[in-house]
Amino acid sequence: MITNASIKTLVAASVVSLSSGCYIVPVGPDGYPAAYVPVSPAPVPGQAAPAQSYPAMPKVLYARLYPSNELATQTGMVSGTVTNMMTGKGRFQVNYQGETLTGEATRVSGDNRKGVASAYSPNGSFMACEYQMSSPTQGAGTCSFSSGAKYTLHVGN
């Protein structure tokens with residue numbers, strides 16, 4: 001049996017739950033909400049508004065490796081990608097002789113333009129690279145594979 005008091009309690013609980021302001025927000029792998037927009041304080045009259053800072057989004061750059069010794073010439077150009085996480089690190093991936101080698105690229109401490117990259121495959125092949133960025137989206141270097149093949153590396157779109 002529903003009483004007048006139970007209806008009032010049910011209505012009051014409904015109003016509180018609808019106005020509580022709880023939301024479910026999807027979170028990306030970097031820990032920020034998927035549609036993250038930082039809240040800035042209101043500008044003070046006569047002062048410039050504070051600059052908003054947004055988390056840097058990862059940037060995918062293409063990597064092209066050109067043969068630089070006889071062994072590498074047998075395979076030809078190798079291509080891949082470097083995903084710059086905008087943190088001084090990146091994910092490196094190339095396809096070499098039917099295998100996918102994955103690893104990471106890291107900037108050298110003390111010089112934000114120089115870096116090293118390493119990648120490996122589940123079958124045991126590996127590579128190591130040294131590079132220098134001329135801009136945030138372009139760079140060059142050298143790579144050596146476990147097979148003895150050597151390449152000149154070009155990074156950029």
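What follows is a chat between a student and a tutor about this predicted model.

Student: Before we start, what kind of model is this?

Tutor: A predicted one, where local features need pLDDT of at least 70, side-chain atom pairs count only at pLDDT 80 or more, and totals for chains, interfaces and linings use all residues. Residues are numbered from 1 along each chain as its sequence is written, and side-chain values use heavy atoms, with hydrogens and water left out.

Student: OK, how many helices and strands does the chain have?

Tutor: Two helices and eight strands. Both kinds are DSSP runs numbered from the N terminus: helices are H or I with at least four residues, strands are E with at least two. Along the sequence the pattern reads α-β-α-β-β-β-β-β-β-β.

Student: And what share of the residues is buried?

Tutor: 23% of the 157 residues. Buried means under 20% relative accessible area, exposed means over 50%, and partly exposed is in between, with a 1.4 Å probe and protein chains only.

Student: Let's look at β5. Which side chains point to which face?

Tutor: They alternate along β5, residues 114-120. G115, A117 and A119 point to one face and are buried, whereas K114, V116, S118 and Y120 point to the other and are not.

Student: How does β5 pair with β4?

Tutor: Antiparallel, over six bridges. Two strands count as paired if DSSP finds at least two bridges between them. G103 stands opposite A119 in β5. The hairpin of β4 and β5 has six residues between the strands, and G110 there takes a positive phi near 90°.

Student: What about the β6 side?

Tutor: Seven bridges join β5 to β6, and these strands also run antiparallel. K114 stands opposite Q132 in β6, and G115 stands opposite Y131. Five residues lie between β5 and β6 in their hairpin, where G124 in the turn has a positive phi of about 105°.

Student: Keep going. How many bridges join β6 to β7?

Tutor: Eight, with the strands antiparallel. Their hairpin has two residues between them, and A128 stands opposite S144 in β7.

Student: Which cysteines form a disulfide?

Tutor: C129 and C143, with S to S at 2.0 Å. The cut-off is a pair of cysteine sulfur atoms within 2.5 Å, and the count by this rule is one disulfide. The link of C129 and C143 is right-handed, with 110° about the S-S bond. C129 lies in β6 (residues 126-135) and C143 in β7 (residues 138-145), so the pair ties together parts that are 14 residues apart in sequence.

Student: Are those cysteines buried or exposed?

Tutor: C129 counts as buried at 3% relative accessibility, and C143 is buried with a relative accessible area of 1%.

Student: New topic: the second largest pocket. Which residues lie nearest its centre?

Tutor: V82, N84, A105, R107 and Y131, out of 19 lining residues. On a 1 Å grid over the protein atoms alone, a pocket is an open set of points with protein on both sides within 12 Å along at least five of seven lines, a cavity is a set of points where a 1.4 Å probe fits but cannot get out, and lining residues have an atom within 4 Å of a point.

Student: What's the volume, and which strands supply the lining?

Tutor: The volume is about 190 Å³, taken as the space filled by probe spheres set on the points, which are joined across faces, edges and corners. β2 (78-84), β3 (89-96), β4 (99-107), β6 and β8 (150-156) each supply at least two lining residues.

Student: Back to β2. What does T83 touch?

Tutor: Leaving aside its neighbours within four places in sequence, T83 is in contact with P58, K59, V60, K89, G90 and R91. Contact means heavy atoms within 4.5 Å. T83 is buried, with a relative accessible area of 15%.

Student: Last one: which residues other than glycine have a positive phi?

Tutor: Two to look at are M86, with phi near 65°, and Q97, with phi near 50°. Most residues other than glycine have a negative phi. M86 is in the loop between β2 and β3 and is partly exposed at 39%. Q97 is in the loop between β3 and β4 and counts as exposed at 54%.
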